[in-house]
Amino acid sequence: MKRYILIIVLFLLPAFMSFGQTSSYNPNFISTQVYDWGGVDFLYGMYCDNPNTVISGRTKDTNNMYNAVIMKTNTEGQRLWTWTGSDNSKIGEISSLPNSTYVFVYTDNLTSKPQGKVASISQEGLLLWEKNISAENPYLMSVDIENQQIAIFGTSYNYVLICDQNGNQTDSIPLNINYAVNKRLRLLNNTLLISGSSSEGIHWNTGGYIAKFEKTDSVWNKTWQYNVPDGLQATFTEDALGNIYVGMGYYYQTYSTYLLKKLDPNGNIIWEKEWVPTNQCLSNAIQNVILLPDNKGVLFVGRLFSTSNDYNGIMLAYDLDGNFLFDKQNSDGAMMEYIRGKFDQQKRLILVGEIYYSQTNSKDIFFQTWSIDGITAVEPLPVPLPTDFSLSQNYPNPFNPTTTIQFSVPEGTNVQLKVFDLLGQEVETLVDEYVPSGTFTAQFTAKGLPSGIYIYQLQAGKFIEKKKMVLLK
């Protein structure tokens, strides 16, 4: 029987290795949650919607069919809802519009010429609108909230597209960059920053760069470009003064290190650091750069290879003057790569990424929480166990085609969660097993079913409750 319990809480042992100098800013592991997306291909975006988190990515089944996925979690990483795109869809980054709805870029049909789209989704996970854009396979995006503009970049063109907050194309920025991979895009007040790797390096994805474009008298011009010939896929963030913190791998012939730089708003170097791992492996990569709260410093997160076939998540922190603060590497035996990160309202560090299972050649998504001495404001309170049986209303409702059902049990018991049509015929069994005390979520996907009202029923011991949900196609 296929299981659909989607939140697995793993209170992993704090088995993390630290290299180099220690400091007062010591990261303390709290917990990891793992989400089964049913065949993860790639985690792409993360948006901080305090106290919640929105993550975008895509799945790939055994027939190499892609599906775009957006998931929203609460501050403890518990899934609130999941939106799934059409068959063979592919997604990029996600952000927020001025009206607080979410916006993302994706391609909804990879079997024909891939048509790029920009779309909006509500706080409850309902698709609000989508617009075709003149770009194939869009994957990078930035929203300028103040000026209500969206910048979009895709794989098959050498310009950045500008749309208004309704997805209508208004402008474009010619890049004139021989790029191989672009990793980060930021639009703010008629200024664009973009980074990645050019196609002019020694290796296909070396040639790290960051470039700045500005709009003057309705014309976009490149004001500067900073190049690192052996850099691997540069990414960046900025502080309030416009200084830019760039992180990338640094390619040597047989191994790679980490190259970390601070540039002023004009692209001049303020400081640069090279962090050298103890191993001699290629493809070490920085995936995300995050400012520490209260101007404490900057955090670089990504992937570190310990052998040619084994890697772990890595985080490196420096203060804004370039002084080393700490480094931490996952060492619990799981192959976990950090893709994106943020700080929540308690100033806890939230990292999301991919966990790889070499035995089955498969991946899941994980949500990891850390406190940092000297930074975290309040230690997290333990999540209370439920005192009563309960079955919550599915979310979203109406839905198409996927919805999430949450239930709570105050004590360990055998649980059945089933879906029926209005004739009382069983449609699907979501859960049929013993579960411990706690709150759980299960996901129901109604592909192939007609629109209409369906009944879902929870039976846990002597407790039985039913609720209605509406499939609206």
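Okay, let's start with a proline: Pro401 sits in the loop between strands E30 and E31. This is a predicted model, by the way, so please hear everything today in that light.

Why begin there? The peptide bond from Asn400 to Pro401 is cis, and its omega is near -10 degrees. And there's a second one in that loop. Pro398 also lies between strand E30, which covers 390–391, and strand E31, which covers 402–409. The bond leading into Pro398 comes from Asn397, and that peptide bond is cis too, with omega near 5 degrees.

While we're on backbone geometry, let me show you two residues with positive phi. Asn88 has phi near 60 degrees, and Asn88 isn't a glycine. You'll find Asn88 in the loop that runs between strand E7 (79–84) and strand E8. Is Asn88 buried or exposed? With a relative accessible area of 8%, Asn88 is buried. The other one is Ser283, where phi is near 70 degrees, again a positive value outside glycine. Ser283 belongs to the loop between E22 and E23. Ser283 comes out as partly exposed, because its relative accessible area is 38% and buried would need under 20%.

Stay in that loop for a moment, please. Pro277 is there as well, between strand E22 (269–275) and E23. Pro277 is buried, at 5% relative accessible area. So who does Pro277 touch? Setting aside neighbours within four places in sequence, its contacts are Ser256, Thr257, Tyr258, Asn284 and Leu304. Now compare sequence with space: Pro265 is 12 residues away from Pro277 along the chain, yet their C-alpha atoms are 30 Å apart.

Next up, the pocket. If you'd like the idea behind it, rolling a probe the size of a water molecule over the atoms shows where empty space is left. Here the largest pocket holds about 960 Å³ of space. Strands E4 (40–49), E8 (90–96), E12 (138–144), E16 (179–188), E19 (219–238), E23 (285–291) and E27 (335–343) are the elements that each put two or more residues into the lining of that pocket. Which of them gives the largest share? That's E16, with 5 residues.

How many residues line the largest pocket altogether? There are 28, and the ones nearest its centre are Met46, Tyr47, Arg184, Arg186 and Thr237. By type, the lining splits into 15 nonpolar, 7 polar and 6 charged residues.

Keep Tyr47 in mind, since that name comes back with Ser96. Ser96 is in strand E8. Ser96 is buried, with a relative accessible area of 7%. Leaving out residues up to four places away in sequence, Ser96 touches Tyr47, Thr101, Tyr102, Val103, Val143 and Ile145. With one of those, Thr101, there's something more specific: the Ser96 side chain reaches the backbone oxygen of Thr101 at 3.3 Å.

Last topic: salt bridges. The count here is 12, and I'll walk you through a few of them.

Take Asp294 and Lys347, whose side chains meet in a salt bridge at 2.6 Å, N to O. Asp294 is in the loop between E23 and strand E24 (298–307), while Lys347 is in the loop between E27 and strand E28 (349–357), so this pair ties together parts that are 53 residues apart in sequence. Lys347 counts as partly exposed, at 24% relative accessibility.

Then look at Arg348 and Asp344. Their side chains form a salt bridge at 2.8 Å, N to O. Where are they, buried or exposed? Both Arg348 and Asp344 are buried.

The other pair I picked is Glu465 with Lys467, where the side chains meet in a salt bridge at 3.5 Å, N to O. Glu465 is partly exposed, with 23% relative accessibility. Lys467 falls in that class as well, with a relative accessible area of 22%. Both values miss the buried class because that one stops under 20%.

If you want to take away a few things to look up in the viewer, try these. Find the two cis bonds, Asn397 to Pro398 and Asn400 to Pro401. Look at how E16 contributes 5 residues to the lining of the largest pocket. And then follow the salt bridge from Asp294 over to Lys347. That's it from me, thanks!

Note on methods:
Residues are numbered from 1 along each chain as its sequence is written. This is a predicted model: local features need pLDDT of at least 70, side-chain atom pairs count only at pLDDT 80 or more; totals for chains, interfaces and linings use all residues. Side-chain values use heavy atoms; hydrogens and water are left out. On a 1 Å grid over the protein atoms alone, a cavity is a set of points where a 1.4 Å probe fits but cannot get out, and a pocket is an open set with protein on both sides within 12 Å along at least five of seven lines; lining residues have an atom within 4 Å of a point. Grid points are joined across faces, edges and corners, and a volume is the space filled by probe spheres set on the points. Helices (H or I, at least four residues) and strands (E, at least two) are DSSP runs, numbered from the N terminus. Ala, Val, Leu, Ile, Met, Phe, Trp, Tyr, Cys and Pro count as nonpolar, Asp, Glu, Lys and Arg as charged, and the others, Gly among them, as polar. Buried means under 20% relative accessible area, exposed over 50%, partly exposed in between (1.4 Å probe, protein chains only). Contact means heavy atoms within 4.5 Å. A salt bridge is a side-chain nitrogen of Lys or Arg within 4 Å of a carboxyl oxygen of Asp or Glu. A polar contact is a pair of N or O atoms within 3.5 Å; within protein, one must be able to donate a hydrogen and the other to accept it, and residues adjacent in sequence count only if both atoms are side-chain atoms.
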